[in-house]
Structure formats: C-alpha cells, structure tokens
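Biologist: I have not looked at this one before. Could you walk me through it?
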Amino acid sequence: MALEFTEAIRSGANSSSLTPGFFILNGVPGLEAAHIWISLPFCLMYIIALVGNVGLIYLISHEEALHQPMYYFLALLASTDVTLCTTTVPNMLCIFWFNLKEIDFNACLVQMFFVHMLTGMESGVLMLMALDRYVAICYPLRYTTILTNPVITKAGLATFLRSVILIIPFTFLTKRLPYCQGHLIPHTYCDHMSVAEASCGNVKINAIYGLLAAILIGGFDMFCISVSYTMILRTVVSLSSVDARHKAFGTYTSHLDAIVITYVPALFSIFTHHFGRKSIPHHVHILIANVYLICPPTLNPIVCGIKTKQICDGVIKLFLQRERCHRYKTESIINIKNK
C-alpha cells in the first residue's frame with residue numbers, strides 16, 4: 001500500500017483530481033534517431049531570429065529617422081516574434097540535445113498560454129501594420145495626425161489585451177480535464193489541443209473554443225488586412241503618375257511579404273491538423289507546427305531589412321558610425337603613445 005502511494009506521488013497523479021505533476025514532451029515521434037539533425041536548422045534559425053529581431057529593435061529605438069508609426073509597429077512585431085520563438089525553441093533544443101523531456105504541469109500551461117497568446121498578438125500586429133499602410137497611402141496628409149503616439153500605444157495595448165482575454169480560457173479548459181491515461185505528449189512544446197488530447201476526458205469544448213478563438217483573432221485580422229489592401233490597391237491604381245504608383249507599391253510590399261510568411265505556414269498547419277490527420281504522418285504535423293512558429297521570426301527582419309530603404313540606410317549608418325568611432329579611438333591611442 002505504501003509502495004503504491006509512493007508510486008502515485010512519483011507519477012505526479014492526484015487520485016482525486018487526476019491532475020499530473022508533469023508531462024513528457026516526446027519531441028518528434030518516429031524521428032527520435034534524427035533529433036540531432038533536426039535541431040541544427042532550428043538552432044540556426046533561432047540565432048538568426050534573435051540577432052535579426054533584437055538588432056531591428058535596437059536600430060528603430062536609436063535611429064531618429066525611424067521614429068515613425070510604421071517602424072513602431074515593426075518594432076512591436078519584432079518584440080513579439082523574438083519572445084514567441086524564445087518560448088518554444090530553447091525547450092525544443094533541450095529535448096533534442098539533452099533528452100530533457102519532462103515539463104512541470106503548470107509550466108506546460110504557462111508555455112501553452114504564451115505560445116497561443118503571442119501567436120494571436122503577432123496576427124494583431126500585422127493587422128495594425130496593414131491599417132498603418134492604409135492610412136499612409138489613402139490619407140497621406142493626415143497620416144501623422146491620425147496615427148499619433150497615444151493612438152499607437154492604445155492600439156498595441158488593445159491588441160495585447162484581446163490576445164490575453166481570448167487565450168487565457170485555454171489554461172482553465174485544459175486544467176479542468178482529468179489525465180488518467182499517461183503523461184506523454186507527442187510534441188516539442190505544449191500546444192493546446194496536444195495537451196488536451198493527452199487527457200481521458202471530453203475535449204469537445206476545448207476544440208470548439210480553440211476554433212472560435214482562431215476565428216475571432218485570425219479571421220478578424222485577415223478580414224481587416226484584406227479590406228485595407230483592397231482599399232490601398234484601389235488608391236494606388238488610381239494614381240496618375242507611374243513613379244508615385246511605384247513608390248506607393250514599394251511602401252507596403254515588405255509588409256505584404258511579412259503577412260505571407262506568417263499566415264501561409266499557419267493556415268497550412270491548421271488545415272493539415274484538422275483535415276489531413278489520417279493522410280499525413282504525425283511527425284509531419286509536428287515539424288510543420290515548429291516551422292510555423294520559427295519561420296516568421298527568422299524571415300521577417302531579413303525581408304524588412306532588404307525591402308525597406310530606411311532600415312537599410314539605418315544599418316549602414318550604424319556600421320559607419322561604429323567604424324568611425326573605432327578609427328578615432330585607434331588614432332587617439334597612437335597619438336598618446338607618440339607623445
């Protein structure tokens with residue numbers, strides 16, 4: 001009897017609530033032998049995402065020419081992206097490299113909340129960036145008076161609160177479930193439905209609310225983005241000057257690329273999860289889910305840096321200033337030694 005009681009405590013299961021003390025994240029099921037090789041591109045992408053997004057935030061905060069609404073939203077996107085990939089990738093690399101698969105139940109719920117909340121936040125920021133381009137191209141003379149700093153702050157805060165309010169029920173819906181059929185989760189991070197499906201309870205409410213939250217966040221944002229770009233396209237096409245048309249197109253193509261980079265992997269992951277579960281192997285679902293989280297943070301700074309002239313100019317200016325500073329210090333040291 002005492003032995004059974006000790007085993008129950010060790011397994012993390014509470015006999016009354018059936019709430020586990022921990023979960024086991026199994027990584028990519030079926031590809032355990034290839035975990036090291038799978039980790040290499042993800043590690044490289046994570047390093048690029050960290051350097052690119054932190055560098056972009058630093059550049060926007062220190063370069064006065066970039067203190068404009070468009071770049072404030074870009075800095076918000078970079079902050080969201082770097083936090084999102086940091087929520088999942090280090091833990092995934094620990095699973096792949098050190099076989100550290102155990103995660104505390106509450107820590108799993110926290111990770112699940114941040115993954116989905118930041119994903120919703122990322123979608124919301126892209127919607128705000130589309131509205132920013134709409135105002136800039138359709139109402140250029142009123143751009144600075146409409147998108148003031150207080151308006152930008154309120155819009156960012158509203159987007160954050162929307163994600164928090166809609167995603168926080170995930171944790172309560174998941175915590176209420178009984179977990180009596182083991183603690184194994186065939187995933188690299190705590191995804192809402194992956195955790196829910198590890199239980200022995202009815203997950204229908206979780207599935208319905210998850211779909212509702214996706215529609216309220218992603219559906220609403222995609223609708224706003226579509227309307228904004230339809231209006232932008234109508235305005236651009238109506239411009240008489242070819243140069244003005246080309247300049248207007250150039251101001252929002254980088255943002256359009258960011259939308260494609262974010263939404264295409266997300267939609268592909270959602271559709272394969274809901275409609276291709278029998279035809280597509282489970283390890284493909286897991287890999288797609290990881291690519292969907294790491295791909296946008298990796299590519300967004302690169303695309304924005306290449307296609308946005310002001311950012312390119314800011315990067316060049318920053319490196320030139322450092323080079324001049326280094327040269328001045330070197331010359332000063334040489335002069336002191338000569339004296």
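Modeller: Let us go from the overall make-up to the sheet and what lies across it, keeping in mind that this is a predicted model.

Biologist: How many helices and strands are there in the protein?
Modeller: The protein has eleven helices and three strands, and, read from the N terminus on, these elements follow the pattern α-β-α-α-β-α-α-α-β-α-α-α-α-α.

Biologist: What order do the strands take in the sheet?
Modeller: The three strands form an open sheet in the order 2-1-3, and the pairing in this sheet is mixed. Strand 2 (102-104) and strand 3 (184-185) each have a single partner strand and stand at the edges, so each has one side without a neighbour in the sheet.

Biologist: And in which sense do strand 1 and strand 3 pair?
Modeller: Strand 1, which covers residues 22-25, pairs with strand 3 in the parallel sense over two bridges, and Leu25 has Ile185 in strand 3 as its bridge partner.

Biologist: Which helix lies across strand 1, strand 2 and strand 3?
Modeller: That is helix 4, made of residues 105-138, and its direction is at about 85 degrees to strand 2.

Biologist: Changing topic, what share of the residues is buried?
Modeller: Of the 339 residues in the protein, 44% are buried. The accessible surface comes to about 18200 Å², and carbon and sulfur atoms account for 70% of that surface.

Biologist: What about contacts between residues 24 or more positions apart?
Modeller: Among the contacts in the protein with a separation of 6 or more, 77% are between residues 24 or more positions apart.

Key. Residues are numbered from 1 along each chain as its sequence is written. This is a predicted model: local features need pLDDT of at least 70, side-chain atom pairs count only at pLDDT 80 or more; totals for chains, interfaces and linings use all residues. Side-chain values use heavy atoms; hydrogens and water are left out. Helices (H or I, at least four residues) and strands (E, at least two) are DSSP runs, numbered from the N terminus. Buried means under 20% relative accessible area, exposed over 50%, partly exposed in between (1.4 Å probe, protein chains only). Contact means heavy atoms within 4.5 Å. Accessible areas come from the Shrake-Rupley method with a 1.4 Å probe; for residues, only the protein chains shown count as cover. Two strands pair if DSSP finds at least two bridges between them. Axes are lines fitted to C-alpha atoms, for helices over the stretch in contact, and angles run from 0 to 180 degrees between N-to-C directions.
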